[in-house]
Amino acid sequence: MSQFFRPGHVIERRELLDGRTWMVYPVRVVEDGPELLAVFLAQGTPLTFGTGDFRWGLHPWIHFEHSWQSPGVLQLQRPGDGYAVWLFWKGREFSGWYINFQEPMRRHATGFDTLDQELDIWIPGDGSPYRWKDVEQFEERERTGGFRPGEAASVRAEARQVVKMIETNSVWWDEKWAHWSPPADWPVPDAVPLSTHS
């Protein structure tokens, strides 16, 4: 395998919980290099969920349609960061940035692994103030011992750094991405079979 994934190549975004696949879905590479991995999650992309006993239970999305229902999302992540920046559109109009706090990505031959850590920030594209999301879920997970020792504190520290960037207008995610759109000939990728993973 080359060091980086080729643009247009389909890879896997896998969430691991308790050392097993909690959820996995295919994404298409937009850009990849030493500073940034940008991938596109297309509307209608099939979602595959792990089964069995997890300390957080089955993935909550398992109770809904097993495909990505919202319009396509561009996901930007940098090595070592405990979050990704997701960009959303309504039709052709950019609607905003969604800061998804998650474990730093870990690359492997067919994609990368991470794990969502509940807390999020929404930054509207119209310039209105940012707002927190899923704070109650994050605090409940912490209260019930769902996080490893020090994990919740690490997420909060990462969140403070992100808020500082937002409030000082020193974010790294380039405005150019708000004007990006996927090539018309990109089909929705096929499902990732769970049988290929632990």
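**Start with the surface.** Switch on the surface view of this predicted model. The accessible surface of the chain comes to about 10300 Å², and 51% of that area belongs to carbon and sulfur atoms. Behind that surface, 49% of the 198 residues count as buried.

**Colour the charges.** Next, select the charged residues. You will find 20 positive and 28 negative charges. Where do their mean positions lie? They are 2 Å apart.

**Zoom out to the whole chain.** Now show only the C-alpha trace. Along its principal axes, this trace spans about 40 × 40 × 35 Å. Does the chain agree or disagree with what a compact globule would give? A compact globule of 198 residues would have a radius of gyration near 16 Å, and the chain has 16 Å, so the two agree.

Contacts add to this picture. Take the contacts between residues at least 6 apart in sequence: 56% of them join residues at least 24 apart.

**Switch to the cartoon.** How many helices and strands are there? The chain has two helices and 11 strands. Follow the cartoon along the sequence and you pass β-β-β-β-β-β-β-β-β-β-β-α-α, with the strands leading and the helices following.

**Select β1, β8 and β9.** Choose residues 10-17 for β1 and 111-114 for β9. These two strands run parallel and are joined by four bridges. Click on Arg14, and look across to β9 for its bridge partner, Asp113.

Now add residues 106-108, which make up β8. Which way does β8 run relative to β9? The pair is antiparallel, with three bridges between the strands. Two residues separate β8 from β9, and together the strands form a hairpin. Arg106 stands opposite Asp113, the residue you have just met as the bridge partner of Arg14.

**Select Gly50.** This glycine sits in the loop between β4 (48-49) and β5 (73-77). Is Gly50 buried or exposed? Its relative accessibility is 2%, and under 20% counts as buried, so Gly50 is buried. Leaving aside residues up to four places away in sequence, Gly50 touches Thr21, Trp22, Leu58, Ile62 and Leu194. For a sense of distance, draw a line from Gly50 to Ile121: their C-alpha atoms are 27 Å apart in space, and the two residues are 71 apart in sequence.

**Select Trp97.** You will find this tryptophan in strand β7, residues 93-102. With 9% relative accessibility, Trp97 counts as buried. Show its surroundings and you will see many contacts beyond residues up to four places away in sequence, including Val85, Trp86, Leu87, Trp122 and Trp173. Ile121, the far end of your line from Gly50, is one of the residues that Trp97 touches. Trp22, which Gly50 touches, lies 25 Å from Trp97, C-alpha to C-alpha, and 75 residues away in sequence.

**Finish with two aspartates.** Which value of phi does Asp18 have? It is near 55°, a positive value in a residue other than glycine. Asp18 belongs to the loop between β1 and β2 (20-32), and with a relative accessible area of 37% it is partly exposed.

Then jump to Asp134, in the loop between β11 (131-133) and α1 (135-143). Its phi is positive too, near 60°. At 25% relative accessibility, Asp134 counts as partly exposed.

Methods. Residues numbered from 1 in each chain as written. Predicted model: local features only at pLDDT ≥ 70, side-chain atom pairs only at ≥ 80, totals over all residues. Heavy atoms only, no water. Rg over C-alpha atoms; globule rule 2.2 N^0.38 Å. Buried < 20%, exposed > 50% of the residue type's maximum accessible area, 1.4 Å probe, protein only. Contact = heavy atoms within 4.5 Å. Areas by Shrake-Rupley, 256 points an atom, 1.4 Å probe, with all protein chains shown as cover. Lys, Arg positive; Asp, Glu negative; His and termini not counted. Charge placed at Lys NZ, Arg CZ, Asp CG, Glu CD. Pairing = 2+ DSSP bridges.
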